[in-house]
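Colleague: I have a new model open and would like to go through it with you. Please start with whatever vocabulary we need.

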Number of protein chains: 4
Amino acid sequence: MNRDKPKYKQIVDAAVIAIAENGYHQAQVSKIAKQAGVADGTIYLYFKNKEDILISVFQEKMGVFVENLTEIIQKGKTPIEKLSNMIDNHFQVLANDHHLATVTQLELRQSNKDIRMKINMILKEYLRLLDEILIEGMTKGDFDPTMDVRVARQMVFGTIDENITTWVMNEFRYDLLESAPKVKKLLINGLKG
Amino acid sequence: MNRDKPKYKQIVDAAVIAIAENGYHQAQVSKIAKQAGVADGTIYLYFKNKEDILISVFQEKMGVFVENLTEIIQKGKTPIEKLSNMIDNHFQVLANDHHLATVTQLELRQSNKDIRMKINMILKEYLRLLDEILIEGMTKGDFDPTMDVRVARQMVFGTIDENITTWVMNEFRYDLLESAPKVKKLLINGLKG
Amino acid sequence: MNRDKPKYKQIVDAAVIAIAENGYHQAQVSKIAKQAGVADGTIYLYFKNKEDILISVFQEKMGVFVENLTEIIQKGKTPIEKLSNMIDNHFQVLANDHHLATVTQLELRQSNKDIRMKINMILKEYLRLLDEILIEGMTKGDFDPTMDVRVARQMVFGTIDENITTWVMNEFRYDLLESAPKVKKLLINGLKG
Amino acid sequence: MNRDKPKYKQIVDAAVIAIAENGYHQAQVSKIAKQAGVADGTIYLYFKNKEDILISVFQEKMGVFVENLTEIIQKGKTPIEKLSNMIDNHFQVLANDHHLATVTQLELRQSNKDIRMKINMILKEYLRLLDEILIEGMTKGDFDPTMDVRVARQMVFGTIDENITTWVMNEFRYDLLESAPKVKKLLINGLKG
DNA sequence: GATGAATGAGCGTTCATTCAT
DNA sequence: TATGAATGAACGCTCATTCAT
């Protein structure tokens, strides 16, 4: 079950494609295996079970968001700049990968409570970094120092998420990136207090 | 398939409980029937199939939100008051019915694309009413007249939704209603521009 | 369960239509009831169960064949004339009632062994009359006196039956009655020995 | 879905037994699987669905009739000899396999129209070969050159079929093979004209 | 007699997982 | 490691029959 071997990533990527193209419930293990070019049984040399594939998909892909956000925080000067770059990054990554957007915004949410609980655990790290930005902003006076961080974080993440989900549901018919400045303006106004 | 007979509502309510307690995929028709105190076959006198039960659950329950919001819009004086009351209503209805909250925020989202598309159609009416409030606010000067209504609506709904979902995922461990004033403050600040 | 009341015949006739138009397996009791213009439950005031309806259909309709054949035997002069008239009658009755032909030749044969055993019991009387004609022919020298009556009867009935079934399966696309003289010629040649 | 693997024939044979012993409607897939000594799911590696099993049963078994008849036609000298051998073969194959006789004469006829249409397509080849014999006989003067081939074919097949069906319905209580010479004599007389 | 709402047993099929090769 | 044939548990839906009115 070595997660560094090339076949591991090969299967994770195949899962994204299989789920995006067939839908969550139609992405049987055999389809993922076929897409990955391996036998059904081979999947089980790298993953404990199907649930493990799905969680790994999220983990691997979410990793990119966390890495990018870590860098954004390091390089950014002001909290507002950091928040702005975070939103841009979030929108850009998904705007550039429709398969991934479909999987994270629609398909993976059809998984059962257990899986989504685990997915939420993975998301935690990303939200922790967001909290960091918000707290810095409150301390430095860029954001309302009296606001509730949890609620503020939920506003930021909920707004971004809803935006992207709507775009996916509309089958990418408009340019997601055009919404970014509007989202930023509204959110920053909200946070300024 | 008469939707006015008492058994119709009886089954819809039973479905909410069965789904909340067992999870979407474990809420077999037989469990819903048992919960409703009717025979399995009786379900099919009132619903075309299982999918129809789920859509009806959403329809019936969402109906309350739409009715309440309609009244709120009629009675409210200012757009801000209307928005405020809408948020209060949304939080209160779900804070008072944990089963319903579980079903709408977690379980029903596991349904397949078809069902979710239909659920979205039902949601549309609610979002249209929200748009009404926002546009009135833009016209009257309460909200930023230059903002994008769609993005603003996504912020309001996304923030509310994310808040409630987090609360459900945390298994109702804190008081949802305490978040309402904070959510309102943040959102209204954001919309004011 | 009075079989003389008008509703009894009404339901039998409705069954023929319902079965002919929907097929044996799609002719649910509720469809037969609807076709007859009575409630589902009413069926059970006249018939023990669904099987009883089907057997009654055959019984009532077969009755016509037996009555006609009895008269043919009484009025006929020679065994060959009687056989000839029997074949004509058999073809004519079904050529005039496509619904009935469909039901007896195709649909009713989809019933289970039990029902078909009972149908065969009803058929017995008709075959007994046919035997009478054959035996008279053997005695009078019109037919081969050394032939096996059972086998001869099976030839006559099997040939008639196969002819009509093929015609039904070809959806009545040709004129069944044109085959009658040919069938008669072949059979009588066979029987003459 | 490889039809050459041993398990394919294994399941077809099991289906004949399961249907003969339980009746068409009581021969559930699970019973066929059990009889074949495989898991339920294995059935679906070799057959598209239950209907496909039934059609395959007929196809495989009818194949024997067609093969035998082809050989009979090749080896036979006169049309009468060929017809005679065909009847013998038809009777012998079924006299030697009561299960198969039950299935072809009684149980398979309970299938729905679709299946029976497909079964009829398979039967067509057998009837075509019979037609060949009849036409040769008409040409060579063994059979009445003025007879209608279709009607003649229906007499031959109908007589054979009715004979065997009666024997099955009488639960094999008499020796089917004793009827063969009688059937042949009657039919050949009929065809001679 | 007549109704029709309610009943509940019964089954074909899918698919994640295993394991002999 | 890798394979893929085989497994078998699990469930939505139909429809003949009943029975309170």
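Modeller: Happy to! A residue is buried when its relative accessible area is under 20%, exposed when over 50%, and partly exposed in between, with a 1.4 Å probe and protein chains only. This is a predicted model, in which local features need pLDDT of at least 70 and side-chain atom pairs count only at pLDDT 80 or more, while totals for chains, interfaces and linings use all residues. Residues are numbered from 1 along each chain as its sequence is written, chains are lettered from A and ligands numbered from 1 in the order in which they are written, and side-chain values use heavy atoms, without hydrogens and water.

Colleague: Is C:Lys184 buried or exposed?
Modeller: C:Lys184 sits in helix α9 (residues 180-192) of chain C, where helices are DSSP runs of H or I with at least four residues, strands are E runs of at least two, and both are numbered from the N terminus. Its relative accessible area is 14%, so C:Lys184 counts as buried.

Colleague: Which side chain does C:Lys184 join through a polar contact?
Modeller: Apart from neighbours within four places in sequence, C:Lys184 is in contact (heavy atoms within 4.5 Å) with C:Ser84, C:Ile87 and C:Asp88. A polar contact is a pair of N or O atoms within 3.5 Å; within protein, one must be able to donate a hydrogen and the other to accept it, and residues adjacent in sequence count only if both atoms are side-chain atoms. At 2.8 Å, the polar contact of C:Lys184 is with the side chain of C:Asp88.

Colleague: How many residues does the largest nonpolar core have?
Modeller: A nonpolar core is a set of buried Ala, Val, Leu, Ile, Met, Phe, Trp, Tyr and Cys residues joined through side-chain atoms within 4.5 Å. In the largest one, C:Leu83, C:Leu191, D:Leu83 and D:Leu191 have the most contacts inside it. Beyond four places in sequence, C:Leu191 touches residues including C:Phe143, C:Met147 and, from the other chain, D:Leu186. A separate core, including A:Ile72 and B:Met62, has 143 residues, whereas the largest has 145.

Colleague: How many of the 10 residues of helix α6 of chain B are buried?
Modeller: The buried run includes B:Leu100, B:Val103 and B:Leu106, together with B:Glu107. Their cover includes α7 (113-140) of chain A as well as α1 (6-22), α4 (50-75), α5 (79-95) and α8 (149-169) of chain B. The helix, residues 98-107, is largely enclosed by the rest of the structure, because its buried residues number eight.

Colleague: What rotation superposes chain B on chain A?
Modeller: Copies are superposed by least squares on the C-alpha atoms of residues with pLDDT of at least 70 in both. For chain B on chain A the RMSD is 0.3 Å, with 0.2 Å of shift along the axis and a rotation of 179 degrees. These copies are therefore related as by a two-fold rotation axis. For chain C on chain D, too, the shift is 0.3 Å and the rotation is 179 degrees.

Colleague: What percentage of the interface residues of chain C are also interface residues in chain D?
Modeller: The copies meet through the same surface, because the share that recurs in chain D is 97%.

Colleague: How far apart are the closest C-alpha atoms of chain B and chain D?
Modeller: Chain B has no contact with chain C, and their closest C-alpha atoms are 14 Å apart. No contact joins chain B and chain D either, and there the separation is 22 Å.

Colleague: Which side chain has an N or O atom 2.5 Å from a phosphate oxygen of DNA strand E?
Modeller: 30 residues surround DNA strand E, each with a heavy atom within 4 Å of it. Sugar and phosphate make up 71% of the strand atoms that come within 4 Å of the protein. Backbone atoms take part too, with D:Lys50 at 2.9 Å from a phosphate oxygen and D:Val29 at 3.0 Å. The side chain at 2.5 Å is that of B:Tyr46.

Colleague: And for DNA strand F, which side chain has an N or O atom 2.2 Å from a phosphate oxygen?
Modeller: 31 residues surround DNA strand F, with A:Lys5 and B:Gln28 among the closest. Sugar or phosphate accounts for 74% of its atoms within 4 Å of the protein. The side chain of C:Gln28 and the backbone of D:Ala39 each place an N or O atom 3.0 Å from a phosphate oxygen. The side chain at 2.2 Å belongs to D:Thr42.
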